[in-house]
Amino acid sequence: MFFHVTSKHQPADCPDRAPNWAETLGQLAPPRDDGPRGWADENGVKVHMMAISGPEHTVFMIVEASDSATLSQFLRPIKPISMCHLTPVTDVGFPLAAGS
């Protein structure tokens, strides 16, 4: 199943102030090239895309997981400071043209 994840936190709880936040986010983020797979693989989740809106204190992800319980386990590191909204979505089934 595919899910769109929106994770939002309050400015006062912004994790970029935490000393290990980059490491935590790096484990959630999709790997680049042959980088370590980390938390996603350990929890049976594939992160297809991640984007951050700093001014809105919001992270957006498109992920693939077998069910919402698996996805919830994957999001555990950010749950203490974030409100996560999980929306099941469906791939449109064909590539979109660049700039669409």
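The following exercises, with worked solutions, concern a predicted model of a single chain.

**Exercise 1. Fold inventory**

Determine how many helices and strands the chain contains, and in which order they run.

Solution. The first step is the count: the chain has three helices and four strands. The second step is the order, which reads β-α-α-β-β-α-β from the N terminus.

**Exercise 2. Burial and contacts**

Establish what share of the chain is buried, and what share of its contacts between residues at least 6 apart in sequence joins residues at least 24 apart.

Solution. Of the 100 residues in the chain, 30% are buried. Turning to contacts between residues at least 6 apart in sequence, 63% link residues at least 24 apart. The exposed area of the chain is about 6,600 Å², and 56% of that area comes from carbon and sulfur atoms.

**Exercise 3. The backbone at H57**

Locate H57, state its phi, and decide whether the residue is buried or exposed.

Solution. H57 belongs to the loop that connects strand 2 (46-53) with strand 3 (58-64). Its phi is near 55°, a positive value in a residue other than glycine. Most residues other than glycine have a negative phi. As to burial, the relative accessible area of H57 is 17%; buried means under 20%, so H57 is buried.

**Exercise 4. A nonpolar patch**

Identify the residues that form the nonpolar surface patch of about 330 Å², and classify L96 as buried or exposed.

Solution. The patch is formed by V92, F94 and L96. L96 sits in the segment after strand 4 (83-89). Its relative accessible area is 60%; exposed means over 50%, so L96 is exposed.

Definitions and conventions:
Residues are numbered from 1 along each chain as its sequence is written. This is a predicted model: local features need pLDDT of at least 70, side-chain atom pairs count only at pLDDT 80 or more; totals for chains, interfaces and linings use all residues. Side-chain values use heavy atoms; hydrogens and water are left out. Helices (H or I, at least four residues) and strands (E, at least two) are DSSP runs, numbered from the N terminus. Buried means under 20% relative accessible area, exposed over 50%, partly exposed in between (1.4 Å probe, protein chains only). Contact means heavy atoms within 4.5 Å. Accessible areas come from the Shrake-Rupley method with a 1.4 Å probe; for residues, only the protein chains shown count as cover. Patches are made of residues with over 30% relative accessible area and no salt bridge: like charges are joined within 9 Å, nonpolar side chains (Val, Leu, Ile, Met, Phe, Trp, Tyr) within 5 Å. A salt bridge is a side-chain nitrogen of Lys or Arg within 4 Å of a carboxyl oxygen of Asp or Glu.
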